[in-house]
Amino acid sequence: MLKNFIRLILLTSVLSACGGTTLYSALSERQANEVVAALLISGIDARKEASVDGKTWMVMTPLKQMPKAMMVLEEKGLPRTAKLSMGDVFKKEGFVSSPTEERARFLYAISQELTQTLMEIDGVITARVHVALPEKALLSENQGSASVSVVVIQSPNANLSNYETDIKAIITDGVEGLDDVNKVTVKFFTRNESFNYIPAENGDLSGQGTFTLQASVFGFVLGTGFILAFGYLRRRRQHGAAVPEPKPEL
């Protein structure tokens, strides 16, 4: 009976501790921090945990709040896509690279570097930079002109169109052979905000406090179980001590 009672306590404790589900995995620590911060500010419980491999992170959230969490992250463009650096793009994986491969990697590297620069501007959710460089002709004096197309997705409360001239200047100075600022096209799009979240009052960012409530329930159930088990064992010992030993027959 005691064994069954202890098993019931452990099962109840495990079920009380559950309730979180993995929202994202295989994230860098910076990506995980950005996701958790955005969810907490929006009144959604979230926490990060190290993955099994010890190199990446995953973000946990209560199952009931998962749809809201996905919508919040979609609006904010999180988690941000990891951008490759010049070293990552030009990493050698073979002995010889064709001119086409070298050119493709070069254009991609420029786009990634410029995109990363634009992502540092406040109000930018995500950005894409498409660079078109003409191939150099050895025997031709008339070389084509480079051109760049930029797409910026901004947050609902941002108005980045006022910085269009600055963005064009950044792109022009960052692309070799691009001397005409009119060859840079910048388009702005605003991410629609489907609904607003109101953080809980009294500094409680967890809304209903799901994780906090689960921890409290877990502690209460576990503590109550140990108290009941201890009382049961104590009563059993007292009952055993009260039984008189049989007298030997003469």
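**Salt bridges, helix faces and cores**

In helix α2, the side chains of Arg 30 and Glu 34 come together in a salt bridge, with an N to O distance of 3.5 Å. The model is a predicted one, and every distance below is read from its atoms. Arg 30 and Glu 34 sit four residues apart in helix α2, which means about one helical turn separates them. An α-helix has 3.6 residues a turn, so residues three or four places apart point the same way. The two partners differ in how much surface they show: Arg 30 is exposed, at 56% relative accessible area, whereas Glu 34 is partly exposed at 23%.

That pair is one of five salt bridges found in a search of the whole structure. Side chains of opposite charge can pair when their charged atoms come close. Helix α6 (residues 164–174) holds another pair with this kind of spacing: Lys 168 and Glu 164 both lie in it, four residues apart, or about one turn of the helix. Their side chains meet at 3.6 Å, N to O. Here the lysine is the buried partner, because its relative accessibility is 19% and the cut-off for buried is under 20%. Glu 164, at 28%, counts as partly exposed.

A third salt bridge joins Lys 48 and Glu 29, at 3.2 Å from N to O. This pair ties together distant parts of the chain, with Lys 48 in strand β2 (residues 47–50) and Glu 29 in helix α2, 19 residues apart. Both ends are partly exposed: Lys 48 has a relative accessibility of 28%, and Glu 29 has 40%.

Past the end of α2, Ser 42 sits in the loop that leads to β2. Ser 42 is buried, with 10% relative accessibility. What does its side chain reach? The partner is the backbone oxygen of Ala 38, at 3.0 Å.

Helix α3 (residues 66–76) has a clear inside and outside. Its buried residues are Ala 69, Val 72, Leu 73 and Glu 75. Those four lie on the same side of α3, because they cover an arc of only 160° around the axis. The face turned away from them carries the exposed residues Pro 67 and Glu 74. What does the buried side pack against? Its neighbours are strand β1 (20–27), helix α2 (29–41) and strand β4 (124–132).

The backbone does a few unusual things around here. Most residues other than glycine have a negative phi, and most peptide bonds are trans. Just after α3, Gly 77 takes a positive phi of about 70°. Then comes a cis peptide bond, from Leu 78 to Pro 79, with omega near -5°. Pro 79 belongs to the loop between α3 and α4 (86–89). Elsewhere, in strand β1, Ala 26 has a positive phi of about 55° despite not being a glycine. Ala 26 is also exposed, at 58% relative accessible area.

Turning to the interior, the largest nonpolar core has 22 residues. Val 129, Val 131, Val 148, Val 150, Ile 171 and Val 175 have the most contacts inside it. Two or more residues apiece come from α5 (99–119), β4, β5 (147–154), α6 and β6 (184–190). Helix α5 is the top contributor, giving five residues. Val 175 gives a local view of the packing: leaving out residues up to four places away in sequence, it touches Ile 110, Leu 114, Val 131, Leu 133 and Val 148. A second core, separate from this one, has 14 residues, among them Leu 27, Ile 44, Val 59 and Leu 73. Leu 73 is also one of the buried residues of α3.

Leu 133 turns up again in the surroundings of Arg 103, a residue of helix α5. Once neighbours within four places in sequence are set aside, Arg 103 is in contact with Leu 133, Pro 134 and Glu 135. The C-alpha atoms of Arg 103 and Leu 133 are 9.5 Å apart, although 30 residues separate the two along the chain. Arg 103 counts as partly exposed, with 28% relative accessibility.

Key. Residues are numbered from 1 along each chain as its sequence is written. This is a predicted model: local features need pLDDT of at least 70, side-chain atom pairs count only at pLDDT 80 or more; totals for chains, interfaces and linings use all residues. Side-chain values use heavy atoms; hydrogens and water are left out. Buried means under 20% relative accessible area, exposed over 50%, partly exposed in between (1.4 Å probe, protein chains only). The arc is that of the directions from the helix axis to the C-beta atoms. Contact means heavy atoms within 4.5 Å. A salt bridge is a side-chain nitrogen of Lys or Arg within 4 Å of a carboxyl oxygen of Asp or Glu. A nonpolar core is a set of buried Ala, Val, Leu, Ile, Met, Phe, Trp, Tyr and Cys residues joined through side-chain atoms within 4.5 Å. A polar contact is a pair of N or O atoms within 3.5 Å; within protein, one must be able to donate a hydrogen and the other to accept it, and residues adjacent in sequence count only if both atoms are side-chain atoms.
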